[in-house]
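Thanks for sending this one over. Here are a few notes to read with the model open beside you.

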Amino acid sequence: MSAQSAGIYFDEMSKITVLEPDISHQTQELKNECKDFVEKISDFQKIVGNFIELVDSLAHEVEKEKMNAIGSRNLLKSVSKQREAQQQQLRSLIAEKQTQLERFKIQYDTLIKQEAEQNDFVDHFMTQK
């Protein structure tokens, strides 16, 4: 009975093994490939983790800018409404001042007439004496 038929083999370092050298070599290659695969998966997980952090950071910045834009838009609307209210107040003030001017013009015209009448009366009175 030979050693190979009994399931005992010698590797390249002349150590006794129970696996055939080809199977032992394939097993070692598979082990190395698995190790490389696990390392690559680990690297991929790190890259994905960094990518997720970056996307979260960008999402936070976008949300911040969105809030700033909404605040600016609301401020602009507020300023616009204030301007409209101010314009309405100024229109009312102009209308009030125009009414007052018309009243003063009428009073002035009345005073001019009275002055003319009084001057006529004085002239007439002076001419009668």
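1. Let me start with the aromatic rings. In this predicted model, the count comes to 1 aromatic pair. Phe 121 and Phe 125 are the partners: their ring centres are 6.2 Å apart and their planes meet at 15°, so the pair is stacked. The cut-off behind that label is an angle under 30 degrees.

2. Where do Phe 121 and Phe 125 lie? Both belong to helix 1, which covers residues 21-128, and they are 4 residues apart, about one turn of the helix.

3. Next, how open these two rings are to the surroundings. Phe 121 has a relative accessibility of 58%, so this residue counts as exposed; the threshold for that class is over 50%. Phe 125 has a relative accessible area of 41% and is partly exposed.

4. You may like to colour the nonpolar surface next. Phe 44, Val 48, Phe 51, Ile 52, Leu 54, Val 55 and Leu 58 make up a nonpolar patch there, and together they offer about 650 Å² of accessible area. Take Leu 54 as one of its members: this leucine sits in helix 1 and is partly exposed, at 49% relative accessible area.

5. Charge deserves a look too. Which residues gather in a patch of negative charge on the surface? They are Glu 29, Glu 33, Asp 36, Glu 39 and Asp 43. Of these, Glu 29 has its place in helix 1, and its relative accessible area of 36% makes this residue partly exposed.

6. Now for the overall fold. The chain contains 1 helix and 2 strands, and reading along the sequence gives the pattern β-β-α.

7. Finally, the surface as a whole. Out of 129 residues in the chain, 1% count as buried. About 12200 Å² of the chain is exposed, and 59% of that area comes from carbon and sulfur atoms.

How values were computed:
Residues numbered from 1 in each chain as written. Predicted model: local features only at pLDDT ≥ 70, side-chain atom pairs only at ≥ 80, totals over all residues. Heavy atoms only, no water. Phe/Tyr/Trp six-rings, centres within 6.5 Å; stacked < 30°, edge-to-face > 60°. Buried < 20%, exposed > 50% of the residue type's maximum accessible area, 1.4 Å probe, protein only. Patch = residues over 30% accessible without salt bridge, like charges linked within 9 Å, V, L, I, M, F, W, Y side chains within 5 Å. Areas by Shrake-Rupley, 256 points an atom, 1.4 Å probe, with all protein chains shown as cover. Salt bridge = Lys/Arg side-chain N within 4 Å of Asp/Glu carboxyl O. Lys, Arg positive; Asp, Glu negative; His and termini not counted. Charge placed at Lys NZ, Arg CZ, Asp CG, Glu CD.
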